[in-house]
Amino acid sequence: MPEGLAERAAALRWYHTIALPGGVVTRGEYDLRDTLRRLPFPPSLRGKRCLDVGTHDGFWAFEMERRGADEVVAIDLDDPARYDWPLPRPPLEGEAAQPRDAAFRLAHEALGSRVQRRVLSVYDLSREEVGGFDFVFIGTLLLHLRDPIGALAAIRRVCDGELLVNDVISLSMTLRRRGAPAAALSTIDDAPFWWVPNAAGLERSVRAAGFEVLARGRPYFARNGAGAVKLGWRARGAASLRRMLVLKLGVPHAWVVGRPLPDRA
Ligand SMILES: C[S@@+](CC[C@H](N)C(=O)[O-])C[C@H]1O[C@@H](n2cnc3c(N)ncnc32)[C@H](O)[C@@H]1O
C-alpha cells in the first residue's frame, strides 16, 4: 500500500467511491458499487481488450482490470474547455481545484494498475488512434454531449465485440411514453446537460448509431456516494423537485448492450 494512502486520498475530491488497498474507501460523489451489481458487466474479461469512455476516477476501468482484462484503455479529457457543454458554460464547481486526473492517478498507483489513461475525446476515437476493442463501456456521458449518437457512432468505429451503455434517462418520460423513443433538451439552466432520453430513446440512440441491441435493463437509481455534493444548478418548479429526488434517491439510469452491425454494402 502506498505510504500515507488514507491521508492522500482524503485530501482529494473524488467522483467515484473506490475501494483501495488497506481498507481505504474514497469518498466519491457517486457510489457505483450498487450499479455494478445491476449491470450485465461481464464476469470475466480474460483475454479481452477493453475501453472505458469518460473514465473520470476510473471506477469502471479498474473493474475491467479486476475482471482479468488483458489490456484496458481509459479515455477522458483533462481540459474542461474541450467539453461541448451548453453555453454559457456552466461553472466547474469544486472540480477546478485539482488536476482532472489527480484522483485517477492516486487510485492507479494504489491499485498497482496497468490501465492506460489517454486524453482523447470520444468523438475522436479511431482505429488508427487506439485500435479495436472486445468490450467497450460508456457511463453517464451521453447526457453531457451535444451529439450523443455521433459519440456512439465513433465508438462503433473501434468496437469489435460488445458495447455496454449506462446513462441517465428521464423517468417521467419513460413512464409517459413507454416503448416510444423520445428525448428532451435539458431544462436545467447552468448545468452541463443536453439531451435526456427516455429508456426507449436511449435504446434507439444505440440502434441509430449502428448497433444491434442484445439486451436492455429496467430504469434504476445510480446511488450518490458519501462525497455527494449539493449541486449548484439554478432549478425552478419541476426541475427543483427533480433535484430533491436526485439528492435523495440518486440519478435515474438505464443500460443497453449492443453489438456493432456491419456496414451495408
Ligand atoms: C459524468 S462523468 C461519468 C464518469 C464515468 N464514466 C461513470 O460512469 O461514472 C463524465 C466523464 O466524461 C468525461 N468527458 C466529457 N466529455 C468527454 C468527451 N468528449 N470525451 C471523453 N470523455 C469526456 C468527463 O471529463 C467525465 O470524466
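**Exercise 1. Backbone outliers**

In which loop is the place of His-56? State its phi and its burial, then treat Thr-140 and Pro-88 in the same way as far as possible.

Solution. The model is a predicted one.

Step 1. Locate His-56: the residue sits in the loop between β5 (49-53) and α3 (59-66).

Step 2. Read the backbone angle. His-56 is not a glycine, yet has a positive phi of about 50°. Most residues other than glycine have a negative phi.

Step 3. Check burial. The relative accessibility of His-56 is 15%, so this residue counts as buried.

Step 4. Turn to Thr-140, which lies in the loop between β8 (133-139) and α6 (148-156). Thr-140 also has a positive phi of about 50°. With 24% relative accessibility, Thr-140 counts as partly exposed; the cut-off for buried is under 20%.

Step 5. Inspect the peptide bond from Leu-87 to Pro-88, which is cis, with omega near -10°. Pro-88 belongs to the loop between β6 and α4. Most peptide bonds are trans.

**Exercise 2. The ligand site**

Which residues come nearest to the ligand, and which polar side-chain atoms lie by its oxygen atoms?

Solution.

Step 1. List the neighbours. There are 19 residues around the ligand, and those that come nearest are His-16, Gly-54, Asp-76, Tyr-83 and Arg-100.

Step 2. Sort the shell by class: ten residues are nonpolar, seven are polar and two are charged.

Step 3. Find the polar pairs. In each case a polar side-chain atom of the residue is paired with an oxygen atom of the ligand:
- His-16, at 2.7 Å
- Arg-100, at 2.8 Å
- Trp-60, at 3.2 Å

Step 4. Judge the cover. Taken on its own, the ligand has 600 Å² of accessible area, and the protein covers 95% of this.

Step 5. Follow Arg-100 back into the protein. Arg-100 is placed in the loop between β6 (71-76) and α4 (102-111). Its side chain makes a polar contact of 2.9 Å with the side chain of Tyr-83. The relative accessible area of Arg-100 is 17%, so Arg-100 is buried.

**Exercise 3. Strand β14 and its partners**

Why is strand β14 described as largely enclosed, and which strands are joined to β14 by bridges?

Solution.

Step 1. Count the buried residues. β14 spans residues 251-260, and because nine of its ten residues are buried, the strand is largely enclosed by the rest of the structure.

Step 2. Tabulate the partners.

| Strand | Bridges to β14 | Direction |
|---|---|---|
| β9 (residues 159-168) | six | antiparallel |
| β12 (residues 211-216) | five | antiparallel |
| β13 (residues 220-222) | three | antiparallel |

Step 3. Assign individual pairs. His-253 in β14 is the bridge partner of Val-168, and Tyr-220 stands opposite His-253 as well. Val-213 has Gly-258 in β14 as its bridge partner.

**Exercise 4. Cysteines**

How many disulfides does the structure hold, and why do Cys-50 and Cys-159 form no bond with each other?

Solution.

Step 1. Count: the structure holds zero disulfides.

Step 2. Take Cys-50, which is in no disulfide and whose nearest cysteine sulfur is that of Cys-159, 10 Å away.

Step 3. Take Cys-159. The closest cysteine sulfur, in Cys-50, is 10 Å from its own, which is too far for a bond. The cut-off for a disulfide is within 2.5 Å.

Step 4. Compare burial. Cys-50 is buried, with a relative accessible area of 0%. Cys-159 is also buried, at 3%.

Methods
Residues are numbered from 1 along each chain as its sequence is written. This is a predicted model: local features need pLDDT of at least 70, side-chain atom pairs count only at pLDDT 80 or more; totals for chains, interfaces and linings use all residues. Side-chain values use heavy atoms; hydrogens and water are left out. Buried means under 20% relative accessible area, exposed over 50%, partly exposed in between (1.4 Å probe, protein chains only). A residue is near a molecule or strand if one of its heavy atoms lies within 4 Å of it. A polar contact is a pair of N or O atoms within 3.5 Å; within protein, one must be able to donate a hydrogen and the other to accept it, and residues adjacent in sequence count only if both atoms are side-chain atoms. Accessible areas come from the Shrake-Rupley method with a 1.4 Å probe; for residues, only the protein chains shown count as cover. Ala, Val, Leu, Ile, Met, Phe, Trp, Tyr, Cys and Pro count as nonpolar, Asp, Glu, Lys and Arg as charged, and the others, Gly among them, as polar. Helices (H or I, at least four residues) and strands (E, at least two) are DSSP runs, numbered from the N terminus. Two strands pair if DSSP finds at least two bridges between them.
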